[in-house]
Number of protein chains: 2
Amino acid sequence: MFKNLDPLLHSQLRLAVMSLLMNVEKADFVWIKEKTKATAGNLSVQIEKLSKAKYIKVQKKFKGKYPQTICSITETGKLAFEKYIEDLKQYINI
Amino acid sequence: MFKNLDPLLHSQLRLAVMSLLMNVEKADFVWIKEKTKATAGNLSVQIEKLSKAKYIKVQKKFKGKYPQTICSITETGKLAFEKYIEDLKQYINI
DNA sequence: CTATTTGGTTTATAGTGTAAACTAGTTTAT
DNA sequence: ATAAACTAGTTTACACTATAAACCAAATAG
């Protein structure tokens, strides 16, 4: 009846990050931080987790003289996000 | 943009319990346990949390000689569940 | 030149989730 | 009658998560 929800996605902040990345080609750390209203520390940790799971790809660059972290969703991540939504539908009838 | 998701409902097991109770007038512990495939200990803990938040009402009775725990959703619980779904929609575009 | 800001990472702690162990009694088999 | 197994949970200890605070390195502003 109730399928297990992917624990990596069943986290408010990680879900928000994935949701954002589903709708853009790529996004930088600061933009994600503003959109999600997360603290930098928390975001850093959660991005690392999503990255380790290969749900997102992280590129470290320099924007002028400042470091810049660019994130983008992977195919694995897209599929996981879509599956999560499907699984969730069993919990909430929509 | 992203509203905070009610932490009481953003838990797989508690969400499953609430989802079940949204669709029935009342349900007993054992039935919920079977439907959710949860362990008794875990279910006991989560039911207590939902009960303390007044999201569900718990009645302890006896069914013949055995104890029986009957749960039902409250109006507060229904509203919280519906709000959770609305908030969640911002994360997953449906 | 020192104080603040940018763009993060690391770390310590509080909060959550879960299984295992336990309580209290019932039924069944010997 | 008594031991073993089952019903219906609760309590507890531990693992896992989430988060804020502290930190770091470099850049810029006063």
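**Exercise 1. Characterise the surface near DNA strand D by residue class, and then say which residues and elements build this surface.**

Solution. The residues of the surface near DNA strand D divide into ten nonpolar, nine polar and two charged. The structure is a predicted model, and the values in these exercises are to be read with that in mind. The next step is to locate the residues: 21 of them surround DNA strand D, and the closest are A:S11, A:G41, B:G41, B:S44 and B:T69. The elements that contribute two or more residues to this surface are α1 (12-22) and α3 (40-52) of chain A, together with α2, α3 (40-52) and β3 of chain B.

**Exercise 2. Carry out the analysis for DNA strand C: which residues come nearest, and which elements supply the surface?**

Solution. Begin with the residues around DNA strand C, which number 21, and of which A:G41, A:S44, A:T69, B:S11 and B:G41 come nearest. Turning to the elements, at least two residues of the surface near DNA strand C are supplied by each of α2 (29-36), α3 and β3 of chain A, and by each of α1 and α3 of chain B. Sorting the residues of this surface by class gives ten nonpolar, nine polar and two charged.

**Exercise 3. Determine what operation superposes chain B on chain A, and which residue of chain B comes closest to the rotation axis.**

Solution. The operation is a rotation of 180 degrees with 0.0 Å of shift along its axis, and it superposes chain B on chain A with an RMSD of 0.1 Å. The two copies are therefore related as by a two-fold rotation axis. Among the residues of chain B, B:H10 comes closest to that axis, its C-alpha atom being at 3.8 Å.

**Exercise 4. Describe the side of chain B that touches chain A, and explain why the copies can be said to meet through the same surface.**

Solution. Start with the contacts, taken as C-beta atoms within 7 Å: 14 residues of chain B are in contact with 14 residues of chain A. On the side of chain B that touches chain A, α1 (12-22) and α2 (29-36) of chain B each supply at least two residues, and α1(B) gives the most, with four residues. By class, the residues of this side comprise nine nonpolar, four polar and one charged. The last step compares the two sides: 100% of the interface residues of chain B are also interface residues in chain A, so the copies meet through the same surface.

**Exercise 5. Work out the strand order and pairing of the sheet in chain B, and follow the register through individual bridge partners.**

Solution. The sheet of chain B is open and has three strands in the order β1-β3-β2, with antiparallel pairing. Its edge strands are β1 (27-28) and β2 (56-63) of chain B, each of which pairs on one side only. Between β1(B) and strand β3 (residues 66-73) of chain B the antiparallel pairing extends over two bridges, and here B:A27 has B:C71 in β3(B) as its bridge partner. Between β2(B) and β3(B), which also run antiparallel, there are eight bridges. In this pairing B:K57 has B:S72 in β3(B) as its bridge partner, while B:K61 stands opposite B:Q68 in β3(B). The hairpin of β2(B) and β3(B) has two residues between the strands, and in it B:G64 takes a positive phi near 65 degrees.

**Exercise 6. Set out the architecture of chain A, from its sequence of elements to the packing of α1(A) on the sheet.**

Solution. Chain A has four helices and three strands, and along the sequence these follow the pattern α-β-α-α-β-β-α. The three strands form an open sheet in the order β1-β3-β2, with antiparallel pairing, and its edge strands are β1 (27-28) and β2 (56-63) of chain A. Two bridges join β1(A) to strand β3 (residues 66-73) of chain A, where A:D28 stands opposite A:I70. The helix α1(A) packs on this sheet and touches β1, β2 and β3 of chain A, its direction making about 80 degrees with that of β3(A). For the chain as a whole, the C-alpha atoms fill a box of roughly 55 × 25 × 20 Å along the principal axes, and 28% of the 94 residues of chain A count as buried. Of the contacts in chain A with a separation of 6 or more, 55% are between residues 24 or more positions apart.

Notes:
Residues numbered from 1 in each chain as written. Chains lettered and ligands numbered in written order. Predicted model: local features only at pLDDT ≥ 70, side-chain atom pairs only at ≥ 80, totals over all residues. Nonpolar A, V, L, I, M, F, W, Y, C, P; charged D, E, K, R; others polar. Pairing = 2+ DSSP bridges. Near = placed C-beta within 6 Å. Least-squares fit on C-alpha atoms with pLDDT ≥ 70 in both. Axes fitted to C-alpha atoms, helices over the stretch in contact; angles between N-to-C directions. Buried ≥ 20, exposed ≤ 12 C-beta atoms within 10 Å, placed from the backbone.
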